[in-house]
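Happy to walk through this one with you. Have a look at the model first, and then we can ask what stands behind the labels.

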Amino acid sequence: MSFVSEALERIQPSATIFVTRKARELKKSGRDVVFLSVGEPDFDTPDNIKEAAKAAIDRGETKYPGTPGVPALREAVAAKFKRENGIDYKPSETIVGTGGKNVIFNALLATLNKGDEVIIPAPYWVSYPDLVLFAGGRPVFVPTCLPGGYKVTAAALEAAITPRTKWLILNSPSNPTGAAYSSDELKALSEVLVRHPHVWTLSDDIYEHLTYGNFVFTTMAQVEPALRDRVLTVNGVSKSYAMTGWRIGYAGGPERLIKELEKLLSQQTSGACSIAQWAAVEALNGPQDYIAKSRSVFKERRDLVVSLLNEADHLDCPVPDGAFYVYPSCADAIGKSTRSGQFLRNDEDFAAALLEEEGAAVVHGAAFGQGPNFRLSYATSNEVLLDACARIQRFCSGLK
């Protein structure tokens with residue numbers, strides 16, 4: 001009999017964390033390594049948010065918080081959804097977790113039974129399938145394609161739905177592709193979902209504020225109010241306010257689901273860090289000028305990286321609508337050999353050889369369910385990006 005649970009044996013370690021750990025080990029050994037594998041803004045948390053955390057400490061906000069979140073943060077979350085998304089959630093229809101991943105994990109744990117199906121458009125964030133598997137569900141992958149902007153169509157969604165379907169997970173803007181769904185595209189998907197009342201939508205909006213050009217962000221419960229009572233709208237402060245280490249995610253949804261998530265939290269982590277919650281109150285209620293400034297910087301970085309990667313041999317890099325990733329195709333590199341003689345059978349070989357020969361850490365596309373591609377995070381300085389893209393260009397020019 002195995003000591004490890006069957007649930008744990010169904011999942012694998014996060015591929016993005018694994019690649020980053022391997023790159024750090026190489027750097028520790030003395031190698032010159034540039035990190036392009038981490039989805040984390042390189043900016044510091046804004047000063048007003050840090051000051052709010054210090055003030056919370058001074059006020060003695062250091063006791064156990066309520067399980068679903070401190071009232072002030074639940075009120076701020078409800079106000080944010082109303083102000084920015086036009087969704088009327090009462091504070092009792094919101095919940096706070098230890099990061100957005102915690103909220104998503106608990107939503108799946110609270111609702112999935114063995115064999116329940118969860119539709120996941122591919123490419124997808126690496127954690128979605130494993131969270132579904134751990135909860136006893138079955139991931140149902142719906143491939144997308146570059147000509148279609150890496151977005152699932154209404155017809156493909158319709159074809160994937162069965163009587164066992166419980167959730168659709170929709171991440172817009174997307175990790176890893178940066179694809180973002182317009183209001184019209186969401187409306188087309190919502191028309192399918194309205195016809196299938198047993199299907200819920202988990203809308204992962206964590207990159208909401210990182211969209212570029214004339215793109216206007218919308219979310220499912222906003223586009224189709226008829227779906228409001230079977231949509232869980234998930235967000236957090238990590239990407240929008242450079243607060244990844246503060247570990248605060250939140251969601252809005254029907255109260256009957258929120259109460260079940262609270263029950264699960266009460267036996268799991270209980271309430272999230274009280275000090276981080278008060279910092280998140282300031283993030284949502286305080287000045288929002290940081291968002292526009294950071295978006296401008298990320299757009300500049302996106303344009304730089306797309307331009308440089310499209311100058312590289314064997315790569316095709318589309319322009320993403322949002323987030324801070326690019327997802328170039330390396331299909332033309334597969335089947336070739338590197339300068340050191342390594343044969344590239346797939347995108348995992350491509351990423352491994354790129355790290356070994358040039359010290360550039362990216363994540364292979366197979367980890368996101370679709371390749372041959374790789375994901376590069378441009379959440380770092382222009383100096384690092386110029387260096388990294390030069391290494392990638394050099395690596396690709398040596399393939400034969």
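Q: In this predicted model, which residues does K151 touch, leaving out those up to four places away in sequence?
A: K151 touches T144, A179, A180, Y181, E185 and D321. Each of these counts as a contact because heavy atoms lie within 4.5 Å.

Q: Where does K151 sit?
A: You will find K151 in the loop that links strand 4 (138-143) to helix 7 (154-160).

Q: Why is K151 called buried?
A: Its relative accessibility is 16%. Buried means under 20%, so K151 counts as buried.

Q: What makes the approach of the K151 side chain to A180 a polar contact?
A: The side chain of K151 comes to 3.1 Å from the backbone oxygen of A180. The cut-off for a pair of N or O atoms is 3.5 Å, so 3.1 Å falls within it.

Q: Now to helix 3: how do you know that its span is close to the expected one?
A: Helix 3 (residues 47-58) has twelve residues and reaches 16 Å from first C-alpha to last, and 16 Å is expected at 1.5 Å a residue.

Q: Which residues of helix 3 are buried, and why are they said to be on the same side?
A: The buried ones are I49, A52, A53 and A56. They cover an arc of only 100° around the axis, so they lie on the same side of helix 3. In an α-helix, residues three or four places apart point the same way, because there are 3.6 residues a turn.

Q: What covers these buried residues, and what does the face turned away carry?
A: The cover includes helix 11 (274-285), while the face turned away carries the exposed residues D47 and D58.

Conventions. Residues are numbered from 1 along each chain as its sequence is written. This is a predicted model: local features need pLDDT of at least 70, side-chain atom pairs count only at pLDDT 80 or more; totals for chains, interfaces and linings use all residues. Side-chain values use heavy atoms; hydrogens and water are left out. Helices (H or I, at least four residues) and strands (E, at least two) are DSSP runs, numbered from the N terminus. The expected span of a helix is 1.5 Å times one less than its number of residues. Buried means under 20% relative accessible area, exposed over 50%, partly exposed in between (1.4 Å probe, protein chains only). The arc is that of the directions from the helix axis to the C-beta atoms. A polar contact is a pair of N or O atoms within 3.5 Å; within protein, one must be able to donate a hydrogen and the other to accept it, and residues adjacent in sequence count only if both atoms are side-chain atoms.
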